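Colleague: I would like to learn how to read a protein model. Where should I begin?

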Amino acid sequence: MAGNVKEDSPKMAFAAVKKVINDDCLESLNTKKLGELCNSLKLKASGTKSELLQRLLPFKDDPALLDNRVKNISVKYSFTTALSRQEIPPPTAGWKCNTSLFPKISKDVIKTYQSNKRQGMIGQFRKAHRMFSSRRMKTIKVFKNGSQLFVKSSILKSFSSEVTRTATVLFIDNVPKKGFCECAVGKCGLCCHVIVILLQLEHFTTHKKLFLSLTCTEKLQKWHRPNLKKGKEVKANLKAAAHIRLKYFRNAKSARHVNQRTKKKVVARGVSDENSDWLKRDISSMSSQVVDGLSKCRINLSNHFLKTLEKFKIRHSGLYHHLSYKNAYLNRVIQNEHDYTKLNPPANLEQNSKTPSECTSDWLNLRTGVITASKLPSLLGFHGNKEFDSSWFYILNKIDESKCKPKQYRNFQRGNYYEKEALEHFQKLSGKSVYSKILIVT
């Protein structure tokens with residue numbers, strides 16, 4: 001494969017190089033001219049004048065050595081799998097993610113295509129498989145032009161989560177013929193990014209699903225974690241909202257950190273990659289099966305878990321507090337009379353014995369300066385310190401939060417707009433009446 005070489009000075013013709021070297025004038029040349037001669041012979045062109053002369057003098061003493069050097073430089077290496085950039089259709093050609101056009105290939109096809117690489121084939125396939133199983137592929141598109149089918153994909157670099165490489169493979173009759181990639185060795189058409197495309201197509205042929213990189217909404221969010229900026233000493237004692245760390249999820253684990261001991265055990269038992277269910281898992285179907293199994297279970301699972309936690313004295317977990325509260329509520333323990341239930345109601349409630357309708361001026365005035373059900377999660381710290389300070393400031397100063405800090409989220413506005421229709425539809429489906437109540441804490 002012949003590539004463009006970046007040079008500090010233009011190449012000299014080989015005939016001129018031979019003439020200059022054979023003449024007894026090398027010592028009289030300056031450093032710049034000697035550098036051009038070394039550059040033309042693909043030698044190191046940097047260094048002092050004495051160092052450049054040491055590299056060129058052997059060719060003057062042995063003319064046959066100079067002829068062999070020129071012959072080797074003139075040879076242009078080419079690969080049968082190399083796809084030139086000019087052959088690839090432009091981005092405006094109509095690339096589509098049409099799965100019906102995907103070529104159907106097998107592992108034997110990948111092995112045959114990769115056999116054009118003489119050395120390093122096994123290591124290259126291993127790296128490509130790690131990239132594929134780590135979900136490094138972002139997009140995949142196809143373009144059909146007669147008997148030619150081009151498959152293009154954007155693949156993340158193996159050590160970066162932002163920079164992508166664009167790789168393209170040319171198929172003729174469902175057989176990969178040539179490839180091109182923007183990486184350093186992509187001109188040969190045999191880089192690991194091209195192999196990732198073939199692995200993706202083989203996976204789609206087998207499982208009828210694409211194994212692409214996860215979007216931001218599919219990943220475990222980290223917005224609840226404290227933001228520690230560099231250069232500032234911030235001591236945050238906030239606890240994460242998710243008590244289960246990401247590294248404990250098996251499917252979220254990168255394929256780079258596969259336990260070698262477990263891998264050896266699996267190989268020793270004779271379990272091959274074809275029999276492995278690592279890439280065949282359907283989480284939605286598995287969760288639906290668990291829900292169906294729990295619905296068919298006759299025992300009360302909540303009481304079972306609560307008794308088990310009490311038996312082993314595990315009373316500091318959130319699950320125990322949730323189940324104990326639920327159990328106490330069902331047993332009417334919470335509904336017993338307490339002192340705070342005997343207090344007189346607020347004066348504004350006595351005057352307005354009839355509850356005003358929602359979203360009216362009277363309804364908004366009634367909510368100003370008091371703790372309502374919608375503000376309670378923020379005051380309990382569920383939404384962070386910022387929301388707590390904001391909600392408590394409006395309550396303490398008796399300010400209408402809807403005027404100073406209106407919620408302009410689209411989902412919030414859409415919920416207010418369709419709330420009445422949703423309640424009417426629910427009443428038709430369930431046959432039950434819905435009553436709106438106002439919870440106010442003073």
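Modeller: Begin with the whole surface. This is a predicted model, and its accessible surface comes to about 32800 Å², of which 53% belongs to carbon and sulfur atoms.

Colleague: How many helices and strands does the protein have?

Modeller: The protein has 18 helices and 6 strands. Of its 442 residues, 24% are buried.

Colleague: What share of the contacts between residues at least 6 apart in sequence joins residues at least 24 apart?

Modeller: That share is 56% in this protein.

Colleague: Let us take one helix. Which residues of helix α1 are buried?

Modeller: Helix α1 covers residues 14–22, and its buried residues include Val17, Val20 and Ile21. These three lie on the same side of α1 because they cover an arc of only 95 degrees around the axis.

Colleague: Which exposed residues does the face turned away from that buried side carry?

Modeller: That face of α1 carries Ala15 and Lys19, which are exposed.

Colleague: What covers the buried residues of α1?

Modeller: The cover includes three helices: α2 (31–40), α3 (49–61) and α4 (63–74).

Colleague: Now the strands. What is the general idea for their side chains?

Modeller: In a regular strand, side chains alternate between the two faces of the sheet. As for the case here, strand β2 spans residues 148–156 and is mostly covered, with 7 of its 9 residues buried.

Colleague: In which sense do β1 and β2 pair, parallel or antiparallel?

Modeller: Strand β1 (residues 137–145) pairs with β2 in the antiparallel sense, over 8 bridges. To find a pair of partners, look at Thr139, which stands opposite Ser154 in β2.

Colleague: How many residues lie between β1 and β2 in their hairpin?

Modeller: There are 2 residues between these strands, and Gly146 in the turn has a positive phi of about 70 degrees.

Colleague: How many bridges join β2 to strand β3?

Modeller: β2 and β3 (residues 164–172) are joined by 9 bridges and run antiparallel. Here Phe150 stands opposite Leu170 in β3.

Colleague: Last, the surface. Which residues make the nonpolar patch of about 320 Å²?

Modeller: Leu376, Leu380 and Phe382 make that patch. Leu376 has its place in helix α14, residues 376–379.

Colleague: Why does Leu376 count as partly exposed?

Modeller: Buried means under 20% relative accessible area and exposed means over 50%. Leu376 is at 32% relative accessibility, so it counts as partly exposed.

How values were computed: Residues numbered from 1 in each chain as written. Predicted model: local features only at pLDDT ≥ 70, side-chain atom pairs only at ≥ 80, totals over all residues. Heavy atoms only, no water. Helix = DSSP H or I, 4+ residues; strand = E, 2+ residues; numbered from the N terminus. Buried < 20%, exposed > 50% of the residue type's maximum accessible area, 1.4 Å probe, protein only. Contact = heavy atoms within 4.5 Å. Areas by Shrake-Rupley, 256 points an atom, 1.4 Å probe, with all protein chains shown as cover. Arc of directions from axis to C-beta. Patch = residues over 30% accessible without salt bridge, like charges linked within 9 Å, V, L, I, M, F, W, Y side chains within 5 Å. Salt bridge = Lys/Arg side-chain N within 4 Å of Asp/Glu carboxyl O. Pairing = 2+ DSSP bridges.
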